[in-house]
Amino acid sequence: MDLAAVVVYEVLYTIAFLALISAGLAVVFGMMRVINLAHGEFVLLGGYAAIVSHNTLGIDIFVSMLVIAPLVVAAFGVVAERLIIRFLYGRLINTMLATWGLSLAMIGGFTLIFGPTTTSIKAPIGGFAVGDYSLSGYTIFIIASAIGVILLIFGVLKYTRAGLIARGAMQSADMASAFGYDTSKVYMVTFAAGSALTGLAGGVLAPLVGIGPTAGLLYIAKAFITVISGGASVVSGLIASSGFFGIVSQLVTFATNSVIGEIGLLVAAVILLRLLPTGISGRFFRNRL
């Protein structure tokens with residue numbers, strides 16, 4: 001029974017981890033069709049912002065993770081969108097090349113400022129025991145954060161005027177312009193919102209996984225797999241793909257080891273996309289958020 005509880009706990013953590021690192025990308029790619037190859041570095045920027053604001057400036061750790069990190073990455077996202085990405089909408093290859101260059105520049109900047117080592121902050125919540133097993137209590141906070149992020153995205157897109165305008169502009173920019181909305185600003189705000197969610201993920205995960213200049217590669221691969229496999233629906237696709245891959249990855253990990261678990265996730269993604277080319281939401285949750 002104790003082992004079953006541990007397995008469920010770890011599965012929920014993996015699902016929450018995938019949902020957190022993929023939420024910002026789901027907004028940017030799912031709504032704007034922008035492939036941001038610097039997404040992993042945006043996660044790292046959020047982590048570094050949380051670490052610096054807490055360790056150096058003495059700001060409360062929860063404020064650093066939940067407020068400072070999203071704001072810093074959102075501001076950086078606005079600058080990147082205004083200076084680079086807004087000139088490349090509709091030019092997929094050019095956008096990929098530009099954001100890849102941004103990714104390399106950010107890696108160089110992180111290495112120059114923070115050095116090539118991994119840094120972290122102490123988790124504010126201690127561990128607890130389940131029978132003979134010791135578990136991290138901070139994992140519960142990560143799971144709660146993922147649920148909060150998903151509910152936030154759903155609430156904004158479903159029930160707010162800003163969400164309606166954003167959805168309308170992404171579906172038909174000409175129609176949105178005809179109604180008097182500045183689509184350029186809509187794109188900027190949407191990209192900033194996706195960046196803020198990415199920064200939040202980096203801040204929340206920093207105490208558990210640590211932050212290093214080149215760690216963005218670990219995040220971007222899993223995030224893209226999750227978002228693409230989820231399909232066009234931002235919320236339902238994110239929930240479905242995170243749940244599916246989280247279960248597959250952890251069950252394979254417990255049956256074998258963590259390396260085989262990562263391989264199992266990739267194999268599951270290949271099979272899923274072969275069977276469902278439009279993603280999970282394209283097949284089962286069509287026309288839903």
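**Group meeting: cavities, pockets and helix packing**

Okay, let me start inside: Gly24, Leu25, Val28, Asn36, His39, Phe42, Phe191, Gly194, Ser195 and Thr198 line the second largest cavity. Helix 1, helix 2, which is 39–55, and helix 8 are the elements that give two or more residues to that lining. Helix 8 gives the most, with four residues. As for volume, the second largest cavity comes out at about 40 Å³. Sorted by class, its lining has four nonpolar and six polar residues, and no charged ones. And before I go on, a reminder that this is a predicted model.

So how many cavities of 30 Å³ or more turn up in a search of the whole structure? Two. The other one to talk about is the largest cavity, with a volume of about 60 Å³. Have a look at who lines it: Ala26, Gly30, Thr226, Val227, Gly230, Gly231, Ala232, Ser233, Val234, Gly237 and Leu238. Helix 1, helix 9 and helix 10, the last of these being 234–255, each put at least two residues into the lining of the largest cavity. Class by class, that lining splits into five nonpolar and six polar residues, and again no charged ones.

Now, helix 1 and helix 9 deserve a slide of their own. Helix 1 runs over residues 2–32 and helix 9 over residues 216–230, and their axes come within 8 Å and cross at roughly 65°. The two helices are therefore roughly perpendicular to each other. Helix 1 passes helix 9 in a right-handed crossing. Which residues meet there? From helix 1 you have Phe17, Leu18, Ile21, Ser22, Leu25, Ala26 and Phe29, and across from them, in helix 9, Tyr219, Lys222, Ala223, Phe224, Thr226, Val227 and Ile228. The residues of that contact come to 11 nonpolar, two polar and one charged. If some of those names sound familiar, Ala26, Thr226 and Val227 are among the residues lining the largest cavity, and Leu25 is one of those lining the second largest cavity.

Helix 1 also packs on helix 10. Here the angle is about 145°, with the axes 7 Å apart. Helix 1 passes helix 10 in a right-handed crossing too. By class, the contact of helix 1 with helix 10 has 16 nonpolar, seven polar and one charged residues.

While we're on helix 10, click on Ala240, which sits in that helix. Set aside the neighbours within four places in sequence, and Ala240 is in contact with Ile280 and Phe285. For a sense of distance, take Thr95: Ala240 and Thr95 are 145 residues apart in sequence, and 27 Å apart in space, C-alpha to C-alpha.

Next up, the pockets. How much space lies in the largest one? About 500 Å³. The largest pocket is lined by 22 residues, and the ones nearest its centre are Gly30, Met31, Met32, Met170 and Gln171. The elements giving two or more residues to this lining are helix 1, helix 4 (92–114) and helix 6 (161–171). On class, the lining of the largest pocket divides into 12 nonpolar, six polar and four charged residues. You've met Gly30 already, by the way, as one of the residues lining the largest cavity.

The second largest pocket holds about 330 Å³ of space. This pocket has 16 lining residues, with Val27, Val156, Leu157, Thr190 and Ala193 nearest the centre. At least two lining residues each come from helix 1, helix 5 (138–159), helix 6 and helix 8 (183–209). Which of the helices gives the largest share? Helix 8, with six residues. By class, the lining of the second largest pocket has 13 nonpolar and three polar residues, and no charged ones.

Last stop is the packing of helix 5 on helix 8. These two pack at an angle of about 175°, with their axes 10 Å apart. That makes helix 5 roughly antiparallel to helix 8. On the helix 5 side the contact takes in Tyr138, Thr139, Phe141, Ile142, Ser145, Val149, Leu152 and Ile153, and they meet Leu197, Leu200, Val204, Leu205, Pro207 and Leu208 in helix 8. In class terms, this contact has 12 nonpolar and two polar residues, and no charged ones.

That's my tour, so over to you for questions.

Terms used:
Residues numbered from 1 in each chain as written. Predicted model: local features only at pLDDT ≥ 70, side-chain atom pairs only at ≥ 80, totals over all residues. Heavy atoms only, no water. Axes fitted to C-alpha atoms, helices over the stretch in contact; angles between N-to-C directions. Parallel < 35°, antiparallel > 145°, perpendicular 65-115°, else oblique. Left-handed = near helix turned anticlockwise from the far one by under 90°. Contact = heavy atoms within 4.5 Å. Nonpolar A, V, L, I, M, F, W, Y, C, P; charged D, E, K, R; others polar. 1 Å grid on protein atoms, 1.4 Å probe; cavity = no way out; pocket = protein on both sides within 12 Å on 5 of 7 lines; lining within 4 Å. Points joined across faces, edges and corners; volume = space filled by probe spheres on them.
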